[in-house]
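Ready for some practice in reading a protein structure? Grab a pencil, try each task yourself, and then walk through the solution.

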Amino acid sequence: MSMFDLKGRRGIITGASSGLGLAMANVLAEAGATVYALSRTGGVKAGEAPTPANVIHRKIDVCDYEALEEMVKEIGADGLDFLINNAGATVKCRAEQFADDDFERIMKTNVSSVFKLSCLCYPYLKESPHMGRIINIASMSAHLGFNQVVPYCTSKGAVAAMTRGLAVEWANDNVTVNSISPGWFPSEMSKKVMDEERRAQILARMPVHKFGDPRDIGSMALFLVSDGALYVTGQDFAVDGGALAYGF
């Protein structure tokens with residue numbers, strides 16, 4: 001299992017106060033990594049279990065680029081091996097009724113901040129002795145259309161395209177860039193868009209007919225950060241209970 005040993009590695013995960021971000025932070029920390037868990041709360045949300053000592057929570061808004069730059073300089077001064085862009089936002093609303101401010105906020109959080117943070121971390125990641133890794137959290141909505149969340153679909157399609165572009169541009173710079181497209185997991189974001197009718201539709205849409213465990217995303221992140229993924233870049237990995245593969 002030495003292939004998945006992350007002792008001595010350091011990285012950043014955004015949106016890591018709960019849900020998928022927190023699960024990824026815990027899984028990577030358990031594998032030995034020092035994980036800087038960035039979030040607007042600066043700690044785990046109420047009801048979440050305490051994190052390992054090597055998960056270091058820091059308070060920041062990923063859309064505050066000036067503060068983000070200073071934090072990356074501070075963390076990167078001692079080396080940086082991976083970045084996971086997980087922070088995201090959505091609003092449930094029909095497209096023709098969508099407020100311009102909500103659209104712009106979703107794009108800034110889900111797209112612009114991903115690009116900005118990747119670029120800020122790039123100088124440190126390319127110096128990683130383990131090969132720098134970037135993982136962007138995309139979505140099934142990068143591949144499928146969903147009603148009442150069209151701006152979110154738009155943003156995640158952009159994340160998938162950005163992943164491929166950065167992977168190609170940085171392929172010879174000691175940096176790999178991949179994305180994970182989660183299926184349906186318990187999270188604050190999914191609760192915002194899921195009523196009982198939609199919940200039933202979602203469960204019927206996936207072959208395994210059950211929601212995922214957030215640690216399943218952590219396992220995929222562990223693989224992409226580990227030495228097992230040195231030759232993997234520019235790819236999107238669906239962790240979705242078979243939803244994207246499901247036909248009729």
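Before the first exercise, a word on naming: helices (H or I, at least four residues) and strands (E, at least two) are DSSP runs, numbered from the N terminus. With that in hand, aspartate 240 can be placed in the segment after β7. Keep in mind that this is a predicted model.

**Exercise 1. Work out in which order the strands of the sheet lie, and which strands are at the edges.**

Step 1. Walk across the sheet from one side: the order is β3-β2-β1-β4-β5-β6-β7, seven strands in an open sheet. The pairing is parallel.

Step 2. Look for strands that pair on one side only: these are β3 (55-59) and β7 (236-239), the edge strands.

Step 3. Add the twist, which averages 20° from one strand to the next.

Step 4. Now see what packs on the sheet. Helix α2 (residues 65-76) touches β1 (10-14), β2 (34-39) and β3, and its direction makes about 155° with that of β3. Helix α4 (residues 150-169) touches β5 and β6, and its direction makes about 160° with that of β6.

**Exercise 2. Find how many bridges join β5 to each of its partners β4 and β6, and decide whether β5 is buried or exposed.**

Step 1. Strands of a sheet pair through backbone hydrogen bonds, either parallel or antiparallel. Between β5 (residues 132-137) and β6 (residues 175-182) there are six bridges, and the two strands run parallel. For a landmark, take arginine 133, which stands opposite threonine 176 in β6.

Step 2. Turn to the other partner. Strand β4 (residues 82-85) is joined to β5 by four bridges, again in a parallel run. Here asparagine 85 faces asparagine 136 of β5.

Step 3. In a regular strand the side chains alternate between the two faces of the sheet. In β5, Gly132, Ile134 and Asn136 point one way, while Arg133, Ile135 and Ile137 point the other way.

Step 4. Check burial: six of the six residues of β5 are buried, so this strand is mostly covered (buried means under 20% relative accessible area).

**Exercise 3. Do a similar check on β1: how many bridges join it to β2, and which residues sit on each face?**

Step 1. Count the bridges: five join β1 to β2, and the strands run parallel. One pair to spot is arginine 10 with its bridge partner threonine 34 in β2.

Step 2. Sort the faces. On one side you find Arg10, Ile12 and Thr14, and on the other Gly11 and Ile13.

Step 3. Both faces are covered, and five of the five residues of β1 are buried.

**Exercise 4. Describe how α2 and α3 meet.**

Step 1. Start with the axes: those of α2 and helix α3 (residues 100-125) come within 10 Å and cross at roughly 35°. The crossing is right-handed.

Step 2. List the residues. From α2 come Tyr65, Leu68, Glu69, Val72, Lys73 and Gly76. They meet Lys108, Ser112, Ser113, Lys116, Leu117, Leu120, Cys121 and Tyr124 of α3.

Step 3. Sort them by character: seven are nonpolar, three polar and four charged.

**Exercise 5. Decide whether aspartate 240 and serine 226 are buried or exposed, and find what their side chains reach.**

Step 1. Aspartate 240 has a relative accessible area of 10%, so it counts as buried.

Step 2. Leaving out residues up to four places away in sequence, aspartate 240 touches Met140, Gly183 and Met206. Methionine 206 is 34 residues away along the chain, yet the two C-alpha atoms are separated by 7.7 Å.

Step 3. The side chain of aspartate 240 reaches the backbone nitrogen of leucine 244 at 2.9 Å.

Step 4. Serine 226 lies in the loop between α7 (214-225) and β7. Its relative accessible area is 0%, so serine 226 is buried too.

Step 5. The side chain of serine 226 reaches the backbone oxygen of phenylalanine 223 at 2.8 Å. Leaving out residues up to four places away in sequence, serine 226 touches Met3, Phe4, Leu6, Arg9 and Arg133.

**Exercise 6. Say where glutamine 148 lies and what its phi is.**

Step 1. Glutamine 148 sits in the loop between β5 and α4.

Step 2. Its phi is positive, about 70°, although glutamine 148 is not a glycine.

Step 3. With a relative accessible area of 30%, glutamine 148 is partly exposed.

Notes. Residues numbered from 1 in each chain as written. Predicted model: local features only at pLDDT ≥ 70, side-chain atom pairs only at ≥ 80, totals over all residues. Heavy atoms only, no water. Pairing = 2+ DSSP bridges. Axes fitted to C-alpha atoms, helices over the stretch in contact; angles between N-to-C directions. Contact = heavy atoms within 4.5 Å. Left-handed = near helix turned anticlockwise from the far one by under 90°. Nonpolar A, V, L, I, M, F, W, Y, C, P; charged D, E, K, R; others polar. Buried < 20%, exposed > 50% of the residue type's maximum accessible area, 1.4 Å probe, protein only. Polar contact = N/O pair within 3.5 Å; in protein donor to acceptor, adjacent residues only side chain to side chain.
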